[in-house]
Amino acid sequence: MDITLTTAQARIPVTVLHLQGKLDGSNYKELINKAQELMQGGTRALLVDLAGVDFMSSAGMVALLSIAKLLKGQIVEEEGWSLLHSAGRELSHGRQNLLKLCSPQPRIAQALEIAGFDLVFDIFSDSSQALAAF
Amino acid sequence: MLQTTSDIHNLNTIRNFVETYASALSMSPEAVYGIVLAVDEAVTNIILHGYGAIQGPVEIELTHDSQTLTISLRDQAHLFDPTKVPPASLSGSLEERPLGGLGLHFIRHYTDELIHRALPGGGNELILRKHLQGEK
């Protein structure tokens, strides 16, 4: 998986992570580490552009949930469903809007839906829509 | 049959092996993606949770007849029967979902049958079956 970065000025500055390739158990921590690095550099809002991702397992989804928690300044200790649960609980107390997803390929979009991610994250069909929602 | 080790970096090779086999059958590209994802999740569980810090063998065997694709995953990790894990319910409370069950949720969604057996010499065999007719 390759990660390239761009920045965009929405209502707030947004860093866009463009992912390319396959996101799985072998590399999901790279994505978390990259996001952590950005946050240490002052990034507060992230858009993950999934257009170039042709495979994503649950490990990749755990990475996205971990990043959402990190953006809220929380320590990530859970994995799997419990992480999804806590992310969902937080959203029920008001959407945080700091991490959005865009442009998933149809098979990835279906898997995100099967995992219940459409209930937890804003997922947009293109990046301009996503940026307008920040 | 593919014989490999529980190195997480072998996932790509394993996915390619399954994709090549399944693509030659009468399966839609979506169903092929689903079965590749299911195998990835099952092998990831073997590597990260079955073996953990130690390395061991992982064997993937694919067979089929006119109606069913069968994938057997064999390891020598400690006994774990994922079929005993209660199914996750998306309509129920998220709290009820077991730890680490996200991958298992995909396995159940994208396959039609999941069987576990303890191997006589130790280790596990996990069998994933996918109907080739009326695939979901």
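Strands S1(B) and S2(B) pair over four bridges in the antiparallel sense, and one of these pairings sets Thr4(B) opposite its bridge partner Val58(B) in S2(B). Please keep in mind while reading that this is a predicted model.

## The sheet of chain B

Moving on through the sheet, S2(B) and S3(B) are antiparallel as well, with seven bridges between them. Three residues separate the two strands, which form a hairpin. Within this pairing, Leu62(B) has Ile71(B) as its bridge partner in S3(B). Ile71(B) also has a bridge partner in S5(B), namely Leu128(B). That second contact belongs to the pairing of S3(B) (residues 68-75) with S5(B) (residues 124-131), where eight bridges join antiparallel strands.

The three pairings can be set side by side:

| Strand pair | Bridges | Sense |
|---|---|---|
| S1(B) and S2(B) | four | antiparallel |
| S2(B) and S3(B) | seven | antiparallel |
| S3(B) and S5(B) | eight | antiparallel |

Taken as a whole, this is an open sheet of five strands in the order S1-S2-S3-S5-S4 (chain B), with antiparallel pairing. Its edge strands are S1 (2-5) and S4 (113-118) of chain B, and each of them pairs on one side only. From one strand to the next, the twist averages 15°.

Which strands does helix H1(B) touch? Helix H1 (residues 11-23) of chain B packs on the sheet against S1, S2 (57-64) and S3 of chain B, and its direction makes about 10° with that of S2(B). H2(B), for its part, lies across S2, S3 and S5 of chain B and runs at about 15° to S3(B).

Along the sequence, chain B follows the pattern β-α-α-β-β-α-β-β, with three helices and five strands. Of its 136 residues, 49% are buried. Looking at contacts in chain B between residues at least 6 apart in sequence, 65% join residues at least 24 apart.

## The sheet of chain A

Chain A also offers an open sheet of five strands, here in the order S1-S2-S3-S4-S5 (chain A) and with mixed pairing. Strands S1 (2-9) and S5 (123-124) of chain A stand at the edges; each has a single partner strand, so one side of each is left without a neighbour in the sheet. S4 (residues 99-102) of chain A runs parallel to S5(A), and two bridges join them. Here Cys102(A) has Phe124(A) as its bridge partner in S5(A).

Helix H4 (residues 106-114) of chain A packs on this sheet, where it touches S3 and S5 of chain A; its direction makes about 110° with that of S3(A). Helix H2 (residues 58-71) of chain A lies across S2 (13-23), S3 and S4 of chain A, and runs at about 170° to S3(A).

## Rings and charges

How many aromatic pairs does a search of the whole structure find? Over all chains, there are three aromatic pairs. One of them is formed by Phe55(A) and Tyr33(B), a tilted pair with 5.7 Å from centre to centre and 55° between the planes. Phe55(A) lies in strand S3 (residues 46-56) of chain A and Tyr33(B) in helix H2 (residues 29-51) of chain B, so this pair joins two chains. Both Phe55(A) and Tyr33(B) are buried. Phe55(A) has a further partner from chain B: the charged end of Arg15(B) sits over its ring, 4.4 Å from the centre.

Another pair brings together Phe106(B) and Tyr110(B): their ring centres are 6.3 Å apart and their planes at 25°, so the pair is stacked. Both residues lie in helix H3 (residues 101-110) of chain B, four residues apart, which is about one turn of the helix. Phe106(B) counts as buried at 0% relative accessibility, and Tyr110(B) counts as buried at 6%.

Chain A has a charge over a ring too: Lys100(A) lies over the face of Phe134(A), at 5.1 Å from the ring centre.

## Confidence in chain A

The mean pLDDT of chain A is 86, and 83% of the residues score at least 70. Among the elements of chain A, S3(A) has the highest mean pLDDT (98) and helix H3 (residues 80-92) of chain A the lowest (56). Over residues 91-96 of chain A pLDDT stays under 50, and the model has nine contacts beyond four places in sequence for this stretch. Where pLDDT is low, the predicted coordinates should not be read in detail.

Key. Residues numbered from 1 in each chain as written. Chains lettered and ligands numbered in written order. Predicted model: local features only at pLDDT ≥ 70, side-chain atom pairs only at ≥ 80, totals over all residues. Heavy atoms only, no water. Phe/Tyr/Trp six-rings, centres within 6.5 Å; stacked < 30°, edge-to-face > 60°. Buried < 20%, exposed > 50% of the residue type's maximum accessible area, 1.4 Å probe, protein only. Lys NZ or Arg CZ within 6 Å of the ring centre and 35° of its normal. Pairing = 2+ DSSP bridges. Contact = heavy atoms within 4.5 Å. Axes fitted to C-alpha atoms, helices over the stretch in contact; angles between N-to-C directions. pLDDT = per-residue confidence, 0-100.
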